[in-house]
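Q: Please take a close look at how the helices pack, and then follow the strands into their sheets. Keep it brisk and name the residues that make the contacts.

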Amino acid sequence: MTKRPLSETTDANPHKKIKEQPNGSADGNGNGTMDVDGAGSAKVEQLKQAQDGASGEIDESLYSRQLYVLGHEAMKRMGSSNVLIVGLRGLGVEIAKNIGLAGVKSLTLYDPKPARIDDLSSQFFLRPEDVGKPRAAVTAPRISELNPYTPVGVHEGDNLTGDLSQLKRYQSIVLTDTPLKDQLAIADFCHNNGIYVTITDTFGLFGSIFTDFGKNFTIGDPNGENPLSGIVSNIDSEGLVTALDETRHGLEDGDFVTFSEVEGMEKLNDSEPKKITVKGPYTFSIGDVSALGQYQRGGLYQQVKMPKIIDFESLSQQLQKPELMISDFAKFDRPMQLHCGFQALHAFAENHKGEFPRPHNDQDAAEVLKLAQDIASKSEDKPELDEKVIKELAYQARGDLSPMNAFYGGLAAQEVMKSVSGKFGPIKQWMYMDSLESLPAGSPRSEEECKPRGTRYDGNIAVFGKSFQDKIANVKQFLVGAGAIGCEMLKNWAMLGLGTGPNGKIYVTDMDQIERSNLNRQFLFRAKDVGQLKSESAAAAVQAMNPELDGKITAMKDRVAQDTEHIFNEDFWNSLDGVTNALDNVDARTYVDRRCVFFYKPLLDSGTLGTKGNSQVVMPRMTESYSSSQDPPEQSFPMCTLRSFPNRIEHTIAWAKDLFHTYFAGPPEIVNAYLTQKDYLASALKQSGNEKQTLETLRDYLQADKPETFDDCIEWARKQFEKQYNNAIQQLLYNFPKDSKTSSGQPFWSGPKRAPDALKFDPSNPTHYSFIVSAANLHAFNYHIKPNNDKNYITSVLDRMMIPDFKPDPGVKIQADEKEPDPNANAPMDDNDALDAIAKGLPQPKTLGDFRLEPVEFEKDDDTNFHIDFITAASNLRAENYKITQADRHKTKFIAGKIIPAIATTTALVTGLVVLELYKMIDGKDDIEQYKNGFVNLALPFFGFSEPIASPKGKYQGPNGEVTIDKLWDRFESEDVTLQQFLDDFKKKGLTISMISSGVSLLYASFYPPSKNKDRLPMKMSQLVETISKKPIPDHQKNVIFEITAEDETEEDVEIPYVMVKLQK
């Protein structure tokens, strides 16, 4: 998508002067070779094609979730790009990991320096035995294991700047851990030679990134959002377009749209895209339409993404006059200060043989401050420097923190992908960030505390000090989920040394097994792990990264839910220091959140959606919880629209998914219930309320349509085609002919109602044929009949079939509008005699022996099971009926499977933000202003941070005046006393209880007659619950929750917390 010509570099041999690992080694020490996915010659051939870019095919089973972020075109452009990463400490390896997972033509690493022990603070692919070996050579084989489609090599040589022409073989270059004078030489060469460059560095809790993608850089898709579309209700003579039924168009000034199906202004249809001006939420202007005629009716508008061209300046120009992006609006003046401070650090290193300031050394910090002040005084803006910030930057210059590297590593990798694909808006051109709030207030920091100890944690100690490092080591943390976020989180924790101390512990639980589609972003897993438990594989992987975690991680396979409270019991929760969620569904996150509130445990929550991500901090008695706010409900479609009047592909996909269930899941379950449940017809059936439909299903699936051979399955599928795409449409057009009018005289088929046409079956049409093949095979699966894909055989069966002509039924009624009553709602009662006849005709269960049907369980990621094939064909046939633009299999799978798009870069970055908050949590900060919830969108890019919302407070009048309560975190606690004592205790607090309940049981009410309460008053609270609910309290439960309604001293009803009664066990 970029205008930059790739010919001079794309055709060059990317491996010239490169010491190539075949595709890496797998033994962990950089020795030997790796069997690519253990799949022999076929996989090797696939790999060869991937390496030379010849195939152009993208492995959708591996890249599935990433494809929904980037799209096929962007990934193909990435697949023809050669990338060089310079510097393989913690930041460099993070970038290499993310780009390796994403997939490029070749990834080359450069860092001939020997690995040091303090590199292990964040370089997760180095081992203690690698110290002294060249970083790139040791790291390359381990990066290459991540993705068989990304060849990884090592760039040879001791000096990159000696012969800059060798860089021409790369399309994109990333510099980390590189002296400023080398950055300038390389970046200016790249600027002049059409090579994209990204420069990024972290120093402790400070980080920076710079990008230069040259002149005339073309962005094909600035934001990655799906193009908007809608139905037109009017276009006036001034060019004002109004959307139908006051539907928000969502467009912005400067967007472009095209039109189709407009009547009266036909010249608008398929014309050049029109630039729009927004006039209101439901209207926009397309300018002069005087030459286009008079609008009559109809029309669709469709947003068109137009390329955007921008220019970048070189590093040497930008150092003098930087274009700065704000990462945190609470620190508006910080970026320019850090721009001077980072240059000062490089100047200090140049004066001290490449060494940065010593940790927490005041003499070195003073020198950096003076250098920064000199740089600031010579700059155009002359920023005022905050002495504390610049000194802190010097103190931390040798710090190497995994979460900062995760943040900037995710960011830099995404910028590389933007550079070679033209997808999304790049950073222009600098972005600085710091997280000084993460510094501990409760642990000492001094030169003595922060000096190197010759350990793997020296990069952490340089920033936080030894005392705080010991505190980190003795934390007990619970990680819920070991998927994409979970893998990244465990990696960060391993680098921190979290839980490695004598009192430290990590618990991780995940009930899922590893699937192939996970490998693209859950980087702790390899192909050999597919089918293994995520929690166990992830724990083993990070123990290899940091052997000090051996025996410190407990991997579990239980979901955290109400039915596992005997496993995750009170002792378990009470033993924890904190909880981190790495979950992908709201229900699970809400449950964990409620448990954290109950047990007063800090919770860190985060999530991603493509390039978007967020992090949230939940602190006991301080912030609101995850459950305090809710996402809007999922979009749903009116049944009337799905049944008869679809106008978007989303409608036809929803209809097709329902058809899938109606054919292959629901009926087999009904049949099996009939065959296994005693007296099913007499009991369960009558309770269901849809006897006729159920009996007809049993008749069809056990008698009328029960197949004996695959031929029968083909014939069944062909009849279903006729029923859905011909007969049903003919019936609809019989009820509502194409020229029919509404009661107000308007054409019935207008606006959102699209007049359909019946389909004539054509076996040579791929969609028609795909419906038959997939439906026949799924029907065969239900009946344990062997599947068949033989086209000649299937066609021969179809050819000999005779399909009777259809005649519409005048008695059929169809609902015309969702707002109108359903004409079938008051249909006459079913004919009992007819129902009895069907029931008597059914075979008795005992006569069928062990016969059962096999219901289909929808599985979107198995490309051989016909599930997505059926839904795609069924949806597109209906789209063909209604002349709706069809969706390919990839898009259908995304919508039908409710797939969450995901990419490793966002995941890495978001977990970095979470761990920056974890430092604060471990320190025990009690100032809500020190914590930050984060919101990012790497596509724009956008970064926003906000102070967490405080938990809500309430008040009531007690005997000694006003009492303030925290509505979320506070609760009353009581011993297991009698009900009378319970009431008396609250009376002393100034609260007169009017009702007490527990779960669904109402235990006490002041309006009960005295005789009813009399027997209850002497009972202990636990006995009262068991008596009224008629259920014993489970043995593992150590408390019972009671909800109370009460009045305070003013006799006003007050909102008060629940009561926890502690049981004596």
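**Helix packing and sheets**

A: Start with helix α29 (residues 867–882) and helix α30 (residues 889–896), which pack at an angle of about 100 degrees, their axes 9 Å apart. The model is a predicted one. Angles of 65 to 115 degrees count as roughly perpendicular, so α29 is roughly perpendicular to α30. On the α29 side, the contact uses I868, D869, I871 and T872. On the α30 side, R889, T892, K893 and A896 meet them.

Now take a second helix pair. Helix α21 spans residues 649–664 and helix α25 spans residues 710–735. Their axes come within 14 Å and cross at roughly 140 degrees. An angle over 145 degrees would count as roughly antiparallel. The pair is therefore classed as oblique. The crossing of α21 past α25 is right-handed. Which residues of α21 and α25 meet? From α21 come W655, L659, Y663 and F664. From α25 come W716, Q720, Q724 and Y725.

Next, the eight-stranded sheet. This sheet is open, and its pairing is mixed. The strand order is β21-β20-β19-β22-β23-β24-β25-β26. β21 (553–556) and β26 (942–946) are the edge strands, each pairing on one side only. Direction ignored, neighbouring strands of the sheet are turned by 10 degrees against each other on average. Within this sheet, β19 (residues 476–480) and β20 (residues 505–509) run parallel, and five bridges join them. One bridge pair is Q477 with I506 of β20.

Helices pack on this sheet too. Helix α17 (residues 534–545) touches β20 and β21. The direction of α17 makes about 160 degrees with that of β21. Helix α19 (residues 586–598) lies across β19, β22 (578–581), β23 and β24. α19 runs at about 165 degrees to β23.

R589 sits in helix α19. Is R589 buried or exposed? Its relative accessibility is 11%. The cut-off for buried is under 20%, so R589 counts as buried. Neighbours within four places in sequence aside, R589 is in contact with N581, L583, D605, S606, G607 and Y626. N581 belongs to the 578–581 stretch of β22. D605, S606 and G607 lie within β23 (603–609).

The end of β23 leads to another buried residue. G610 is in the loop between β23 (603–609) and β24 (612–618). At 5% relative accessibility, G610 counts as buried. What does G610 touch beyond its neighbours within four places in sequence? The contacts are V69, P901, A902, I903 and T906. For a second view of its place, take N1013 as a reference. G610 and N1013 are 403 residues apart in sequence, and their C-alpha atoms are 58 Å apart in space.

N1013 also falls in a stretch that carries a record. An unreviewed UniProt entry annotates residues 931–1059 as "domain: Ubiquitin-activating enzyme E1 C-terminal". The C-alpha atoms at the two ends of that span lie 30 Å apart. Helix makes up 19% of the span and strand 39%. Edge strand β26 (942–946) lies in this stretch.

Last, the seven-stranded sheet. This sheet is open as well, but its pairing is antiparallel. The order is β12-β11-β15-β9-β10-β14-β13. The edge strands are β12 (274–275) and β13 (277–280), and each pairs on one side only.

β10 sits between β9 and β14 in that order. Strand β9 (residues 229–235) pairs with β10 in the antiparallel sense, over three bridges. I235 has V241 of β10 as its bridge partner. β9 and β10 form a hairpin with four residues between them. In the turn, G239 has a positive phi of about 85 degrees.

On the other side, three bridges join β10 (residues 240–243) to β14 (residues 283–285), and the two run antiparallel. V241 is bridged to F284 of β14. T242 is bridged to T283 of β14. V241 thus has a bridge partner in each neighbouring strand: I235 and F284. Which residues of β10 form its covered face, and which the uncovered one? V241 and A243 make up the covered face. L240 and T242 make up the uncovered face.

Conventions: Residues are numbered from 1 along each chain as its sequence is written. This is a predicted model: local features need pLDDT of at least 70, side-chain atom pairs count only at pLDDT 80 or more; totals for chains, interfaces and linings use all residues. Side-chain values use heavy atoms; hydrogens and water are left out. Two strands pair if DSSP finds at least two bridges between them. UniProt positions are given in the numbering used here, feature names are shortened, and annotations may be inferred rather than shown by experiment. Buried means under 20% relative accessible area, exposed over 50%, partly exposed in between (1.4 Å probe, protein chains only). Contact means heavy atoms within 4.5 Å. Axes are lines fitted to C-alpha atoms, for helices over the stretch in contact, and angles run from 0 to 180 degrees between N-to-C directions. Angles under 35 degrees count as roughly parallel, over 145 as roughly antiparallel, 65 to 115 as roughly perpendicular and the rest as oblique. A crossing is left-handed if the near helix is turned anticlockwise from the far one by less than a right angle, and right-handed if clockwise.
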